[in-house]
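Colleague: I should like to go through this structure with you step by step. Please give the reasoning before each result.

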Amino acid sequence: MLSLKKFFSATIFLFVSLCILNAQDLKKILIVEKILFKDRPLIASYADAFKFYKGSWQGGASVQIGESPSLQKLSIKQEFLPSKKDDVLDGTAKIYSNDRLFIEKTAKMTLLPDRLRLETFGKNGKQDSAYDGFFSGMNIVWVPACKFMLFSKITDEFIFNSGKVYLSSVDQTYVIMPQRNFQGFIVTRSLFEKIEEAAEPVPQEKKSKPAPSLDKNYFKKQR
């Protein structure tokens with residue numbers, strides 16, 4: 001992911017701009033969200049949580065603006081794959097609306113001694129946000145790395161059900177929208193299923209230099 005984004009949940013941090021979308025029916029997502037999950041994986045450290053985020057995920061999200069019942073239906077594909085650097089995952093997320101690509105993001109998740117750090121990047125490769133992930137009970141709560149910008153909170157929860165791993169994520173972001181005369185929270189609820197574990201990169205074997213060939217006259221010279 002713990003309540004996957006989708007992060008890419010994961011997940012996690014990619015839905016602030018979704019407030020401009022029109023409302024659609026979300027019956028399927030609402031039905032899935034009513035499933036009672038009881039089995040949680042044991043996550044005793046940030047290293048454990050880091051490992052659970054690793055892999056490929058797919059799922060959906062619903063967006064609610066303020067008290068309005070209007071919801072936006074989205075489908076999401078995201079993945080966190082091992083980087084060349086230790087304790088770093090490279091992430092990508094694609095968010096679709098009406099089967100059309102709406103948002104595409106890249107990200108980097110770093111395992112730190114006392115937290116997780118998640119950085120997201122735009123198409124130009126520049127960082128557009130950074131979040132720190134902390135334990136809150138059995139969940140991971142993401143807050144902006146810039147503490148003076150605490151207008152957003154994302155809660156991730158990892159869940160086991162029928163032998164599968166799920167990531168439930170709730171994103172609460174405070175916004176001010178003068179054009180809509182709105183000031184309040186946008187709430188994005190996401191549910192992801194892990195569809196593939198990330199394979200660890202295979203270290204490349206160093207090619208050994210061939211043994212030097214002997215001079216044809218070597219043994220003659222030894223006589």
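Colleague: What relative accessibility does Y174 have, and is Y174 buried, partly exposed or exposed?

Modeller: The model is a predicted one. Y174 is found in strand β9, residues 164-177. Buried means under 20% relative accessible area and exposed means over 50%, with partly exposed in between. Y174 therefore counts as partly exposed, at a relative accessibility of 32%.

Colleague: Which residues form a nonpolar patch on the surface, and about how much accessible area do they have together?

Modeller: Y174 belongs to this patch. Its other members are F151, I176 and F185. Together, F151, Y174, I176 and F185 have an accessible area of about 370 Å².

Colleague: How many helices and strands does the protein chain have, and in what order do the elements run?

Modeller: The protein chain has 3 helices and 10 strands. From the N terminus on, the order is α-α-β-β-β-β-β-β-β-β-β-β-α.

Colleague: What share of the residues counts as buried, and what share of the exposed area do carbon and sulfur atoms supply?

Modeller: Of the 223 residues of the protein chain, 44% count as buried. The chain exposes about 13600 Å², and the share of this area supplied by carbon and sulfur atoms is 53%.

Colleague: Which residues have the most contacts inside the largest nonpolar core, and which element gives the largest share of this core?

Modeller: In soluble globular proteins, nonpolar side chains tend to be buried together. Here the largest nonpolar core has 33 residues, and those with the most contacts inside it are Y53, M109, L116, L118, W142 and F158. The largest share of this core is 5 residues, and they come from helix α2, residues 46-53.

Colleague: With which strands does β1 pair, and over how many bridges?

Modeller: Strand β1, residues 55-65, runs antiparallel to strand β2, residues 72-82, and 9 bridges join them. Within this pairing, G59 has I76 as its bridge partner, and V63 has Q72. β1 also pairs in the antiparallel sense with strand β10, residues 182-196, where the partner of G60 is L191. The bridges number 9 for β2 and 10 for β10.

Colleague: Why is β1 largely enclosed by the rest of the structure?

Modeller: One residue of β1 that can be examined is S56, which is buried with a relative accessible area of 12%. Leaving aside residues up to four places away in sequence, S56 touches Q78, E79, E193, K194, I195 and E196. For the strand as a whole, β1 is largely enclosed because the buried residues number 9 of the 11.

Colleague: How many residues lie between the strands in the hairpin of β2 and β3, and which residue takes a positive phi?

Modeller: β2 and strand β3, residues 88-97, run antiparallel and are joined by 8 bridges. S75 stands opposite Y96 in β3. The hairpin has 5 residues between the strands, and the residue with a positive phi, near 60°, is D87.

Colleague: What is the distance between the closest N and O atoms of K105 and D128?

Modeller: Side chains of opposite charge can pair when their charged atoms come close. K105 in strand β4, residues 100-112, and D128 in strand β6 link distant parts of the chain, 23 residues apart. K105 is buried at 19% relative accessible area, whereas D128 is partly exposed at 40%. The closest N and O atoms of this salt bridge are 2.4 Å apart.

Colleague: Which residues do salt bridges with shared partners join into one network?

Modeller: R115 forms a salt bridge with D114, with the closest N and O atoms 3.2 Å apart, and a salt bridge with D132, at 3.1 Å. D132 lies in strand β6 and R115 in strand β5, residues 115-121, so the pair ties together parts that are 17 residues apart in sequence. D132 is buried, at a relative accessible area of 0%. The network consists of D114, R115, R117 and D132.

Colleague: How far apart in space are S136 and D156, C-alpha to C-alpha?

Modeller: S136 lies in strand β6, residues 127-136, and counts as partly exposed at 39% relative accessibility. In sequence, S136 and D156 are 20 residues apart. Their C-alpha to C-alpha distance in space is 9.7 Å.

Conventions:
Residues are numbered from 1 along each chain as its sequence is written. This is a predicted model: local features need pLDDT of at least 70, side-chain atom pairs count only at pLDDT 80 or more; totals for chains, interfaces and linings use all residues. Side-chain values use heavy atoms; hydrogens and water are left out. Patches are made of residues with over 30% relative accessible area and no salt bridge: like charges are joined within 9 Å, nonpolar side chains (Val, Leu, Ile, Met, Phe, Trp, Tyr) within 5 Å. Accessible areas come from the Shrake-Rupley method with a 1.4 Å probe; for residues, only the protein chains shown count as cover. A salt bridge is a side-chain nitrogen of Lys or Arg within 4 Å of a carboxyl oxygen of Asp or Glu. Helices (H or I, at least four residues) and strands (E, at least two) are DSSP runs, numbered from the N terminus. Buried means under 20% relative accessible area, exposed over 50%, partly exposed in between (1.4 Å probe, protein chains only). Two strands pair if DSSP finds at least two bridges between them. Contact means heavy atoms within 4.5 Å. A nonpolar core is a set of buried Ala, Val, Leu, Ile, Met, Phe, Trp, Tyr and Cys residues joined through side-chain atoms within 4.5 Å.
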